[in-house]
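Biologist: Before we talk about any single residue, could you take me through how a model like this one is read, from the whole chain down to its details?

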Amino acid sequence: MARLSSKDVLRADQFSVDEVALIMETARGFADALARGDVLDRMRGKILSTLFYEPSTRTRLSFEAAMERLGGKVVSVAEAKSSSAAKGESLHDTIKTVEGYADVIVLRHPQIGAAAEAADATHRPVLNAGDGAGQHPTQSLLDLYTILEEQGRVEGLTVTLVGDLKHGRTVHSLADLLANYGVCFRFVAPDALRMPSEIVERLRAKGITVDESSDLAAAIPETDVLYMTRIQRERFEDPAEYDRLKDAFVLTRAMLEPAKDSITIMHPLPRVNEIATDVDGLPGAAYFRQAANGVPVRMALLSLVKRE
Ligand code: NCD
């Protein structure tokens with residue numbers, strides 16, 4: 001039986017297919033309960049601490065809303081500069097301290113591996129809400145949930161990931177997560193921002209078809225799920241390089257003319273310029289539904305990692 005009690009959530013590829021199925025099923029149950037207006041108390045008496053050392057709107061607010069919806073409480077550091085990290089405190093010491101205040105810790109941090117380091121420092125469950133250009137596993141779970149909601153299945157779909165595949169942690173996690181479901185990948189990126197080769201090799205070793213190009217128009221007709229991403233300005237050392245690449249792909253309604261009627265368009269948000277607003281009215285434009293799905297999926301994660 002899949003069990004997640006007291007576990008950390010650090011990477012998308014840590015989960016077995018059974019564990020993912022349990023998370024999806026639990027999330028669906030919570031979505032139904034929210035739709036009915038049920039008042040829940042699964043996390044009553046528990047405290048979540050959200051520590052965000054990088055900007056966030058959706059991830060932090062949906063984790064906090066999830067905890068509140070489950071009857072729990074939240075203590076939060078929303079800005080690193082308002083915490084003792086600004087005084088030079090190590091991540092280890094911050095986490096050891098927060099362990100005394102909260103039952104579950106959600107961390108977003110600019111360094112790859114920071115969540116794993118935090119997990120080593122505490123016996124409390126640590127949920128990685130993004131570690132630099134590394135992973136964003138809870139996002140990929142809500143992305144999978146969204147694909148299942150929108151398409152009714154995931155096996156056999158052609159999933160096209162577009163944009164900054166080099167620095168984008170959402171696409172790193174999503175690629176690893178979907179690799180267990182027999183999807184067909186198309187990666188569309190400027191040459192300088194291709195998916196890291198170790199991820200592509202990992203996928204191919206699992207027998208997944210991966211097609212890499214920089215031609216978005218050519219990928220659209222076969223695509224079932226089009227996943228647009230932002231060029232990650234904060235990861236560039238050279239601002240001129242960012243300026244050169246920032247508008248590499250801008251999806252417009254006209255470009256979707258040859259797309260399947262059933263196409264689902266996703267984006268982890270925030271969007272800067274990647275999707276023209278004329279796309280928002282299409283039935284397949286799922287990005288705001290996707291953001292809303294963060295609440296039931298994070299409710300599922302919080303309730304499943306709770307110590308029994
Ligand atoms: C993403 C992130 O922080 O990695 N946002 C999110 O969590 N929804 C995507 C991004 O910032 O581009």
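Modeller: What follows goes from the overall fold to the cores, and then to a few backbone and residue details. Please keep in mind throughout that this is a predicted model.

Biologist: Which helices and strands does the protein chain have, in number, and what is its extent along the principal axes?

Modeller: The protein chain has 10 helices and 9 strands, and its C-alpha trace spans about 55 × 45 × 40 Å along the principal axes. A useful check sets the radius of gyration against the value for a compact globule: with 308 residues such a globule would have a radius near 19 Å, and the protein chain has 19 Å, which agrees.

Biologist: How much of the protein chain is buried, and what share of its contacts joins residues at least 24 apart?

Modeller: A residue is called buried when its relative accessible area is under 20%, and in the protein chain such residues make up 54% of the 308. As for contacts between residues at least 6 apart in sequence, 73% of them join residues at least 24 apart.

Biologist: What does the accessible surface of the protein chain come to, and how far apart are the mean positions of its charges?

Modeller: The accessible surface comes to about 13300 Å², and carbon and sulfur atoms account for 49% of that area. For the charges, one takes the mean position of the 37 positive ones and that of the 45 negative ones, and these two points are 5 Å apart.

Biologist: Now to the interior: which residues have the most contacts inside the largest nonpolar core?

Modeller: The general idea is that in soluble globular proteins nonpolar side chains tend to be buried together. In this model the largest nonpolar core has 60 residues, and those with the most contacts inside it are L161, F185 and F187. Helix α10, which runs over residues 287-305, gives the most to this core, with 8 residues. There is also a second, separate core of 18 residues, which includes V188, L216, M228 and I263.

Biologist: What is F185 in contact with, once its neighbours within four places in sequence are left aside?

Modeller: With those neighbours left aside, the contacts of F185 include V159, L161, L174, A175 and L178, and also L203, I208, T209, V210 and D211.

Biologist: Turning to the backbone, where is the cis peptide bond, and what is its omega?

Modeller: The bond from L269 to P270 is cis, with omega near 5°, and P270 lies in the loop between β9, residues 264-266, and α10. L269 is found in that loop between β9 and α10 as well, and its phi is near 65°, a positive value in a residue other than glycine. At 11% relative accessibility, L269 counts as buried.

Biologist: S6 has a positive phi too; is S6 buried, exposed or partly exposed?

Modeller: S6 has a phi of about 65° although it is not a glycine, and it is found in the segment before α1, the helix of residues 17-36. With 34% relative accessibility, S6 counts as partly exposed.

Biologist: A12 lies in the segment before α1; which residues is A12 in contact with, and how far is its C-alpha atom from that of A175?

Modeller: Sequence separation and distance in space are best read side by side: A12 and A175 are 163 residues apart along the chain, whereas their C-alpha atoms are separated by 8.7 Å. Leaving aside neighbours within four places in sequence, A12 is in contact with Q135, P137, S140, S173, D176 and L177, and it is buried, with a relative accessible area of 2%.

Biologist: Where are the histidines H109 and H167 found, and are they buried or exposed?

Modeller: H109 lies in strand β3, residues 104-109, and at 13% relative accessibility it counts as buried. Among the contacts of H109, apart from its neighbours within four places in sequence, are Y53, E54, D131 and R169. H167, by comparison, is found in the loop between β5, residues 158-162, and α6, residues 169-178, and it is buried, with a relative accessible area of 11%. Not counting residues up to four places away in sequence, H167 touches A133, H172, L193, Q232, R235 and F236.

Biologist: Finally, P55 is found in the loop between β1 and α2; is P55 buried or exposed?

Modeller: At 74% relative accessibility, P55 counts as exposed. P55 and G134 are 79 residues apart in sequence and 16 Å apart in space, from C-alpha to C-alpha.

Terms used. Residues are numbered from 1 along each chain as its sequence is written. This is a predicted model: local features need pLDDT of at least 70, side-chain atom pairs count only at pLDDT 80 or more; totals for chains, interfaces and linings use all residues. Side-chain values use heavy atoms; hydrogens and water are left out. Helices (H or I, at least four residues) and strands (E, at least two) are DSSP runs, numbered from the N terminus. The radius of gyration is taken over C-alpha atoms; the globule rule is 2.2 Å times the number of residues to the power 0.38. Buried means under 20% relative accessible area, exposed over 50%, partly exposed in between (1.4 Å probe, protein chains only). Contact means heavy atoms within 4.5 Å. Accessible areas come from the Shrake-Rupley method with a 1.4 Å probe; for residues, only the protein chains shown count as cover. Lys and Arg count as positive and Asp and Glu as negative; His and the chain ends are not counted. The place of a charge is taken as NZ of Lys, CZ of Arg, CG of Asp or CD of Glu. A nonpolar core is a set of buried Ala, Val, Leu, Ile, Met, Phe, Trp, Tyr and Cys residues joined through side-chain atoms within 4.5 Å.
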